[in-house]
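Please open the structure in your viewer and keep the sequence at hand. The tour proceeds by selecting one part at a time.

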Amino acid sequence: EVSGAVAAGGLLAVTGPSGSGKTTLLHAIAGDDGTRSPAVHLSTTQPYALVVAHSEPVFTGTIASNLRLGDQSIDETRAHELLEPFGLGGIEPRTPVGIGGRELSGGEVRRLSLARAVAARPDVLLVDEPTAGLDAVTAPRTLDALRRLLPETTIVLAVHEVPVWLSPDGVIEL
């Protein structure tokens with residue numbers, strides 16, 4: 001049995017070693033299997049919960065078309081606005097990626113996935129290993145960008161251990 005609470009717009013960290021069930025818990029919160037446990041209570045309404053998996057795909061197309069998976073209305077200006085806070089401002093939205101396109105590093109893929117999640121504006125954002133592939137300078141900037149860009153979104157992070165620079169509203173240890 002696992003329990004924890006976080007207010008709407010808050011930040012919750014779920015910690016534990018590999019194999020402890022962090023990813024499974026994120027998917028249970030999101031109701032990905034269609035059978036959300038009655039014990040998982042997000043609110044009286046059904047909020048839009050989005051999971052950013054540990055390994056997200058980059059689809060063949062452009063950086064902007066990958067962002068449009070979160071919001072179809074994204075134009076080039078909005079794409080720049082989404083990329084900049086994640087340290088991807090040097091990559092043009094029209095840059096081809098995927099098969100035959102520019103190869104992105106693991107950290108760039110991670111930040112692009114988070115920018116795509118921000119574009120979707122979920123009520124609840126569940127992120128598995130949000131700083132995987134990011135260096136010590138980029139990791140805190142990336143999580144700060146999430147908080148700034150989604151101030152009313154409840155964010156749940158699955159991490160092996162809570163970084164010292166992160167101040168979550170709550171922590172669940174598995």
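Which residues point one way from β5, and which the other way? The model shown is a predicted one. Select residues 124-128, which form strand β5. Val124, Leu126 and Asp128 point one way, while Leu125 and Val127 point the other way. All of them are buried, and the strand is accordingly described as mostly covered, with five of its five residues buried.

**The sheet around β5**

Next, colour the strands of the open sheet. Five strands follow the order β2-β5-β6-β1-β7, and their pairing is parallel. At the edges are β2 and β7 (170-173), each of which pairs on one side only. On average, neighbouring strands of this sheet are turned by 15° against each other, direction ignored. As background, the strands of a sheet pair through backbone hydrogen bonds, either parallel or antiparallel.

Now add residues 49-52, strand β2, to the selection; β2 and β5 pair in the parallel sense over four bridges. Display leucine 50, which stands opposite leucine 125 in β5. Then display valine 52, whose bridge partner in β5 is valine 127.

On the other pairing, select residues 154-159, strand β6; here β5 and β6 pair in the parallel sense over five bridges. Leucine 125 appears again, standing opposite isoleucine 155 in β6.

**The helices**

Select helix α5, residues 138-149. Together with β5 and β6, helix α5 makes a right-handed β-α-β unit.

Then select helix α4, residues 106-120. Helix α4 lies across β2 and β5 and runs at about 175° to β2.

Show both helices together. How do the axes of α4 and α5 cross, and within what distance do they come? The axes come within 10 Å and cross at roughly 5°. Because angles under 35 degrees count as roughly parallel, α4 is roughly parallel to α5. Turn on the side chains at this contact: Arg111, Leu114 and Val118 in α4 meet Thr138, Thr142, Leu146 and Leu149 in α5. By class, this contact has four nonpolar, two polar and one charged residues.

**A loop residue**

Finally, select threonine 95, found in the loop between α3 (76-83) and β4 (96-97). Is threonine 95 buried or exposed? Its relative accessible area is 15%; buried means under 20%, so threonine 95 is buried. Leaving aside neighbours within four places in sequence, threonine 95 is in contact with Gly61, Thr62, Ile63 and Arg102. Display these four residues with threonine 95 to end the tour.

Methods: Residues numbered from 1 in each chain as written. Predicted model: local features only at pLDDT ≥ 70, side-chain atom pairs only at ≥ 80, totals over all residues. Heavy atoms only, no water. Buried < 20%, exposed > 50% of the residue type's maximum accessible area, 1.4 Å probe, protein only. Helix = DSSP H or I, 4+ residues; strand = E, 2+ residues; numbered from the N terminus. Pairing = 2+ DSSP bridges. Right-handed = clockwise from strand over helix to strand, strands pointing away. Axes fitted to C-alpha atoms, helices over the stretch in contact; angles between N-to-C directions. Parallel < 35°, antiparallel > 145°, perpendicular 65-115°, else oblique. Contact = heavy atoms within 4.5 Å. Nonpolar A, V, L, I, M, F, W, Y, C, P; charged D, E, K, R; others polar.
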